[in-house]
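Here are my notes on the structure you sent round. Please read them with the coordinates open.

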Amino acid sequence: MADVDLEALPGVGPATAEKLNDAGFDSYQSLAVASPGELSNTADVGESTAADIIQAARKEADIGGFETGSQVLERRERIGKLSWQIDEVDDLLGGGVETQSITEVYGEFGAGKSQVTHQLSVNVQLPREQGGLGGSVIFIDSEDTFRPERVDDMVRGLSDEVLQATMDDREIEGSPDDDEAMDELIDDFLDKIHVAKAFNSNHQMLLAEKAQELAGQHEDSEWPVRLVCIDSLTAHFRAEYVGRGQLAERQQKLNKHLHDIDKVGNLYNTAIVVTNQVSSNPDSFFGDPTQPIGGNILGHKSTFRMYLRKSKGDKRIVRLVDAPNLADGEAVMRVQDGGLKPE
């Protein structure tokens, strides 16, 4: 991102500008979407001064006003669609995983949630002509699920046509049959996945803030951040806040966390994919008793909700549970050594 002169804003001197930059507020856009309380704590200024800074940043960034439906349509045309490389699932999602949106994938243990995050971490790096977004990945790992070996398997599992197009795009000499060329390609894929392990919920929230900073640093680079994965979103919150007495505090923290990651998606045209754990509802006499964790906070904030469930062998049922502009539906995929494949 091009450097901006934060000191041009009212109430921002050299010391305040330095604090804002250190906290990741390095653009007018990031300041414009901040709250006065958040800015006050970060920059050590009064809330009224913080409000003035935000208001001035909104004018500089030209956001915060009303726009026509035609302008919204024009802006939405810039939204990217990340392919699963499975036609049936892409059709379910209207073309793939949207940027500037939170896509939640929930399901029981072993349903394939982590497989989805790994596969999308590969797919997002593919050229746009091959269903990718030509971008890098931020992967926040709260359950120790990230495996570079799995990325290796999934890259090798891509079709020869996609692999050759990707090699050509990255100027790697050779073909999919060339072991040295494939090793170079896989190393290149891994280099573009930024992984951080979250040790608790507070650390996870800090990493979400760092994700915004990292996305800002890469915005004008050859490989901007186009995907943020959190696997899983709720594991630490569920373990640390036990019982009804702590439910309100847990939901407040989860709400802030969701807004932080949503901000990354909106500011940098990034797809946000989070996995979620489930519980079983003992009061359910009919239908599937599986319920996602996170309550209404997560339900309202997720733009797309997808439910994965096991079927026979390596088959998985992918169900679109909620979307603002798409009908509910189901698709079938397989989880194999080479990644996610069509039925």
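The points below cover backbone geometry, nonpolar cores and strand pairing.

1. Status of the model. This is a predicted model. Please keep that in mind for each point that follows.

2. A cis peptide bond. Most peptide bonds are trans. The bond from Asp231 to Ser232 is cis, with omega near -5°. Ser232 sits in the loop between β6 (225-231) and α12 (235-240). Check this bond on your display.

3. Positive phi at Asp144. Most residues other than glycine have a negative phi. Asp144 is not a glycine, yet its phi is positive, near 55°. The residue belongs to the loop that runs between β4 (136-141) and α8 (148-156). Is Asp144 buried, partly exposed or exposed? Asp144 counts as partly exposed because its relative accessibility is 40%, between the cut-offs of 20% and 50%.

4. Positive phi at Glu171. Glu171 also has a positive phi, about 60°, and is not a glycine. Its place is the loop between α9 (160-169) and α10 (179-191). Glu171 has a relative accessible area of 73%, so this residue is exposed; the cut-off for exposed is over 50%.

5. The largest nonpolar core. In soluble globular proteins, nonpolar side chains tend to be buried together. Here the largest nonpolar core has 46 residues. Which residues have the most contacts inside this core? They are Trp84, Val155 and Leu227. Helix α10 supplies the largest share of the core, five residues.

6. Around Val155. Setting aside residues up to four places away in sequence, Val155 touches Val122, Leu163, Met182, Leu185, Ile186 and Phe189.

7. Another core. Apart from the largest core lies another one, of 22 residues. Leu207, Ala211, Ile230 and Val264 are among them.

8. Hairpin β10 to β11. Strand β10 (residues 304-310) runs antiparallel to strand β11 (residues 315-322), and six bridges join them. One pair to look at is Met306, whose bridge partner in β11 is Leu320. The two strands form a hairpin with four residues between them. In the turn, Gly313 has a positive phi of about 60°.

9. Hairpin β11 to β12. How many bridges join β11 to β12? There are six, and β11 runs antiparallel to β12 (residues 329-336). Arg319 has Glu330 as its bridge partner in β12. β11 and β12 form a hairpin too, with six residues between them. Strand β11 is thus paired with β10 and with β12.

Conventions:
Residues numbered from 1 in each chain as written. Predicted model: local features only at pLDDT ≥ 70, side-chain atom pairs only at ≥ 80, totals over all residues. Heavy atoms only, no water. Buried < 20%, exposed > 50% of the residue type's maximum accessible area, 1.4 Å probe, protein only. Core = buried A, V, L, I, M, F, W, Y, C linked by side-chain atoms within 4.5 Å. Contact = heavy atoms within 4.5 Å. Pairing = 2+ DSSP bridges.
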